[in-house]
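Hi,

Here is the structure I promised to pass on. Have a look at it first, and my notes follow underneath.

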Amino acid sequence: MRPVGSLNTPTDGCLDGRVCLVLGAGALSKGWAIGQAIAIAYARAGARVMVGDQNLEAANATVRFIQSQGAQAQACEVEVTSEVSVQNAVSNTVSAFGALHVLHNNVGIGKSGDSAQTTALEWQRISDANLLALHLASQAAIPCMRKAGGGVILCTSSIASHRYVGIPHLAYGVTKAATNQFCKMMAVEYAPDNIRVNALVVGLVDTPRIRNTLMGTYGQDEEAMVRRRNAQIPLGEMGDAWDVANAAVFLASDRARFISGIELVIDGGMSATVRGG
Ligand SMILES: NC(=O)c1ccc[n+]([C@@H]2O[C@H](COP(=O)([O-])OP(=O)(O)OC[C@H]3O[C@@H](n4cnc5c(N)ncnc54)[C@H](O)[C@@H]3O)[C@@H](O)[C@H]2O)c1
């Protein structure tokens, strides 16, 4: 992982007064995960942040980092596939901070490798976490956003929603493709409520997750996997979690007030080329 030195997110108050809920804002292990960086970046930009994760200790670690930056956050345990749990996360956010303006759906899971080996149960688990969860969280958040006079819903998608990215990842790519369409349809439906909805279509990023869950599929040692992923990217190497977090801050802020229903691709040029991995 790149060191903390790469933490270079806006501190100009572009999210002053905003309350954000980030779902999946912990990290699986050491190193910066995308949701974690997003929660930190929102807080550094002035927002008060509810850090939601199924792993409360991981959420607490993100909160401790935010507080060390002199910003405000609280942690809550949330299982994004449970309607009750997600509703609790939204009401905890409103109780703690008085409103909810930005919902960021960041959880994404998958099963790489031979797609024919994915069981119905595994497919259901992936679909629930990547897709049903978007609906549950948005459903809970929209009344709060209406009360606030508007809001922003962001979903972390993947370029696996557009392309085969070098390894088999079927249920993941298919549910991420649906994520993009979820954002577009929601953007149109809730535009009259001044709610913007956008997808961050993320390319190959170096997070703890790739070393935890994808290594086996690459079938190589860690260094070889990193070399292979870097070689796929015109800009020369994988992005890091901060590359995604900076884009999220922009889309969450009023600077993006006329941007809704888009897929913002953050991939170092990868989806613009046919080079293989
Ligand atoms: N790492 C990449 O290269 C990459 C590329 C494209 C897109 N993405 C997307 O970025 C997002 C974040 O990826 P990451 O690698 O930083 O995340 P990650 O896999 O490290 O997960 C972040 C957090 O989500 C939590 N989580 C998982 N399932 C949950 C559930 N059911 N309920 C609540 N919390 C849950 C985990 O506990 C973890 O702390 C995902 O949507 C992923 O699909 C990642």
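Leaving aside residues up to four places away in sequence, A248 is in contact with I38, A41, H104, L154 and L200. Keep in mind that this is a predicted model, so treat what follows as a reading of a prediction.

A248 also turns up in the largest nonpolar core, which has 85 residues. Along with A37, I38, A39, Y42, V49 and V244, A248 touches the most other members of that core. The biggest contribution to this core comes from α4, which supplies 11 residues.

Now the ligand. Its shell holds 29 residues, and the closest are G24, G26, I34, G108 and R209. Three elements give two or more residues each to that shell: α1 (34-44), β5 (151-158) and α6 (208-218). Of these, α6 gives the most, with three residues. By type, the shell splits into 15 nonpolar, 11 polar and three charged residues.

Two helices are worth a look one after the other. Start with α3, residues 83-97. At 1.5 Å a residue, its 15 residues should span 21 Å, and the end C-alpha atoms do sit 21 Å apart, so expected and actual spans agree. Which residues of α3 are buried? They are V86, A89, V90, T93 and F97. Looking down the axis of α3, these buried residues fall within an arc of 90 degrees, so they line one face of the helix. V84 and S95, on the other side of α3, are exposed. The cover over the buried residues of α3 includes β1 (19-23), β2 (48-53), β3 (73-77) and α4 (120-148). Right after α3 comes G98, with a positive phi of about 90 degrees.

Then α2, residues 56-68. Its 13 residues should span 18 Å at 1.5 Å a residue, and the end C-alpha atoms are 18 Å apart, so the numbers agree here too. The buried residues in α2 are A58, A59, T62, V63, F65 and I66. Seen down the axis of α2, they fall within an arc of 160 degrees, so they line one face of the helix. On the other side of α2 you will find E57, R64 and S68 exposed. What do the buried residues of α2 pack against? The partners are α1, β2 and β3. After α2 comes G70, and its phi is positive as well, near 80 degrees.

A couple of single residues to finish. M225 sits in helix α7 (residues 222-231). M225 has 18 C-beta neighbours inside 10 Å; a residue needs 20 or more to be buried and 12 or fewer to be exposed, so M225 counts as partly exposed. Not counting residues up to four places away in sequence, M225 touches M215, Y218 and Q220. C-alpha to C-alpha, M225 and R211 are 8.8 Å apart in space, with their positions 14 residues apart in sequence.

The other one is N194, in the loop between α5 (170-189) and β6 (195-202). Its phi is near 60 degrees, a positive value in a residue other than glycine. N194 has 15 C-beta neighbours inside 10 Å, so N194 counts as partly exposed.

Cheers

How values were computed. Residues numbered from 1 in each chain as written. Predicted model: local features only at pLDDT ≥ 70, side-chain atom pairs only at ≥ 80, totals over all residues. Helix = DSSP H or I, 4+ residues; strand = E, 2+ residues; numbered from the N terminus. Expected span 1.5 Å × (residues − 1). Arc of directions from axis to C-beta. Contact = placed C-beta atoms within 7 Å. Core = buried A, V, L, I, M, F, W, Y, C linked by C-beta atoms within 7 Å. Near = placed C-beta within 6 Å. Nonpolar A, V, L, I, M, F, W, Y, C, P; charged D, E, K, R; others polar.
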